[in-house]
Amino acid sequence: MQASSDPRRPAKVIRYKPIDPATIPVSGEDSVPEYMNVLGMLFSMFGLMMRLKWCAFAALLASCASFANSRASDDTKQIVSSFMLSVSAIVMSYLQNPSPIVPPWS
Amino acid sequence: MRLFRAILICLAIALAVVPVLSLEFEEDNEFAEFEVADEVPVEKPPVKSPVEAEKVAPPKAAETETKTPVNDKDADDFAHLSEEEEFDIEEPKQDESEIEATDEKKPLEIKPLQFTDIPNHFRTNWSSYQVEALALSIIAIYMLNYLHGRQRNQSIANQWFQDVEPNLTDQFALVGDDGTSSNPEGGLLKETDYSYVLWCSGRVGVQGLLCQLRMIKRQDVIGLVYNWYKPRTDKVTYKFELDSGELDPIVLVLGNKKNVTKAVKELADLSTYAIERKGLERFSLPASFGLWAEIPETISAVLDPYVVNLINQYEKYIDLIHISDQFCGLKLQEGETYTRLPDTTPSMFFTYNIIPSEDSGTATRALLTLSIYLVDKLRRYRLSREGKAKADKKRQSVEESYLKVTHQQRQEIAQARREEKARERKQRLLEEEDPEKQRRLQKLEDKRELKAKQPKMKQVRMK
């Protein structure tokens with residue numbers, strides 16, 4: 001193995017090109033945050049319209065999952081808006097009907 | 001994932017349809033209430049006041065559901081409603097109100113009263129909100145796990161970076177680049193909470209090295225469950241992009257059998273060029289390893305004693321070693337074809353597992369050294385004449401087959417154009433009937449005849 005000569009070539013430096021997520025087709029494994037986002041929005045709309053409280057809580061969980069799997073290049077706006085939507089679904093459901101969800105074990 | 005999409009679409013459709021149906025149902029109910037309510041209110045007020053005071057106390061005690069009489073109005077409703085409910089129990093006690101009560105009984109009995117639960121205020125009965133507490137605790141656990149998992153992944157990444165940094169700074173002029181700032185800066189880049197990237201550049205023979213750390217999704221509970229179901233390890237992939245012309249025609253992949261078969265299926269260059277090699281005992285490779293190569297002599301070039309020794313020593317750490325001068329990405333899906341020959345770059349991929357153990361640091365360093373050793377060795381390696389001839393022949397045949405496919409396409413396009421032009425000419429002929437323009441018709445016909453005759457001549461000239 002060569003050890004004497006320095007393999008470094010500062011003149012040959014090439015800059016890193018971050019892969020643009022918009023151009024690359026998203027593979028199934030990596031598109032979890034998008035699915036979670038859509039699921040969260042669906043659940044919160046369901047919860048708001050049908051006044052189903054458990055839907056609103058599921059929406060909050062889905063937006064948490066979307067946040068956990070988000071990429072560094074992702075918009076924070078989208079994640080924040082999905083959080084806000086799920087919280088609003090919960091709040092609206094409880095304003096309209098403050099009674100607790102009937103537990104299945106009672 | 002397709003099933004998932006289908007489920008999402010069904011949910012969306014149901015979401016759109018159900019509210020419409022439910023609205024109609026509610027309207028009927030509203031009307032029903034209005035219709036029946038007219039009869040009763042007139043009779044109630046005079047009866048209420050003497051009864052009220054007596055009725056309020058017993059119904060409180062006898063209430064089965066939790067209802068708090070908040071103010072007078074609510075108490076009235078309660079008293080009135082509970083009067084009807086508790087009527088059988090109350091009757092022997094109150095003689096005064098018996099007559100009024102019996103008078104009331106008939107109209108009351110006819111109308112089916114529907115109770116609406118007036119729920120308690122939040123603060124008075126937290127204990128009944130069990131399901132909510134459960135849901136919030138699930139979310140709290142999820143967020144705690146997120147913080148813990150993210151921290152864990154970050155520490156693994158930092159540990160890896162500490163192990164490899166000295167070696168990389170010796171080999172590369174630039175270690176760590178975020179790609180955006182004017183001066184190349186930044187070390188390890190965080191892509192997601194479970195994957196990190198490091199770019200190194202500025203070395204003889206190598207355009208750049210991209211180190212990708214893919215870890216288990218420890219920050220996501222769903223990811224953890226998935227991992228429990230299908231266990232994986234944290235992996236680091238060193239992708240060396242070599243300068244063109246540095247690497248002789250070599251296409252070789254070796255590593256864990258399962259991963260090797262998967263790589264051969266997925267990658268275009270391996271599926272085109274590589275052939276499975278069996279009988280790896282003669283190379284002293286571990287039994288769990290698989291090897292696919294284009295030309296047999298390259299195997300012995302790659303697997304020299306130093307390499308074999310390291311492979312056997314760190315068998316569980318080695319996932320995949322892929323060396324190719326024709327790397328062009330993933331294989332195309334069935335039905336898709338290339339419109340032009342894909343760009344290939346000579347690349348070498350080394351995928352290693354990061355297994356937390358005592359000697360993981362030494363393993364990481366040793367395997368990085370192995371990777372660099374192989375890069376330098378194969379840069380200098382030259383195939384024998386026969387090997388090179390065979391490889392070049394194979395590459396040419398692949399190129400020709402691509403050209404054939406594209407040539408056919410081009411021919412089809414050219415023919416279609418010619419046919420369209422001929423149709424246009426025919427249309428013009430049919431439309432033009434003036435005597436002056438008949439000369440043009442003749443000219444066009446002459447042109448056609450000339451064109452029909454000449455192409456052969458032209459082709460000869462071109463050749």
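Q: How many residues does each chain bring to the contact between chain B and chain A?
A: In this predicted model, 63 residues of chain B and 45 residues of chain A take part in the contact, and the area buried between the two chains comes to about 4600 Å², with carbon and sulfur atoms giving 68% of that area.

Q: Why is the pair Asp243(B) and Lys12(A) called a salt bridge?
A: The closest N and O atoms of Asp243(B) and Lys12(A) are 2.7 Å apart, and because the cut-off for a Lys or Arg side-chain nitrogen and a carboxyl oxygen of Asp or Glu is 4 Å, the pair qualifies as a salt bridge. The count between chain B and chain A is two salt bridges, while 16 residue pairs across the interface are in polar contact.

Q: Which helix of chain B gives the most to the side that touches chain A?
A: Helix 6 of chain B does, with 14 residues, and the residues of that side of chain B divide into 35 nonpolar, 16 polar and twelve charged.

Q: What makes the residues Val260(B), Ala263(B) and Val264(B) of helix 8 count as buried, and why are they said to line one face?
A: These three are the buried residues of helix 8 (residues 257-266) of chain B, a term that requires under 20% relative accessible area. Seen down the helix axis, the buried residues of helix 8 of chain B fall within an arc of 100°, so they line one face of the helix. They pack against strand 6, helix 9, strand 8 and strand 9 of chain B, whereas the face turned away from the buried side carries the exposed residues Lys258(B) and Lys265(B).

Notes
Residues numbered from 1 in each chain as written. Chains lettered and ligands numbered in written order. Predicted model: local features only at pLDDT ≥ 70, side-chain atom pairs only at ≥ 80, totals over all residues. Heavy atoms only, no water. Buried < 20%, exposed > 50% of the residue type's maximum accessible area, 1.4 Å probe, protein only. Helix = DSSP H or I, 4+ residues; strand = E, 2+ residues; numbered from the N terminus. Arc of directions from axis to C-beta. Contact = heavy atoms within 4.5 Å. Buried area = accessible area lost by both parts, 1.4 Å probe. Polar contact = N/O pair within 3.5 Å; in protein donor to acceptor, adjacent residues only side chain to side chain. Nonpolar A, V, L, I, M, F, W, Y, C, P; charged D, E, K, R; others polar.
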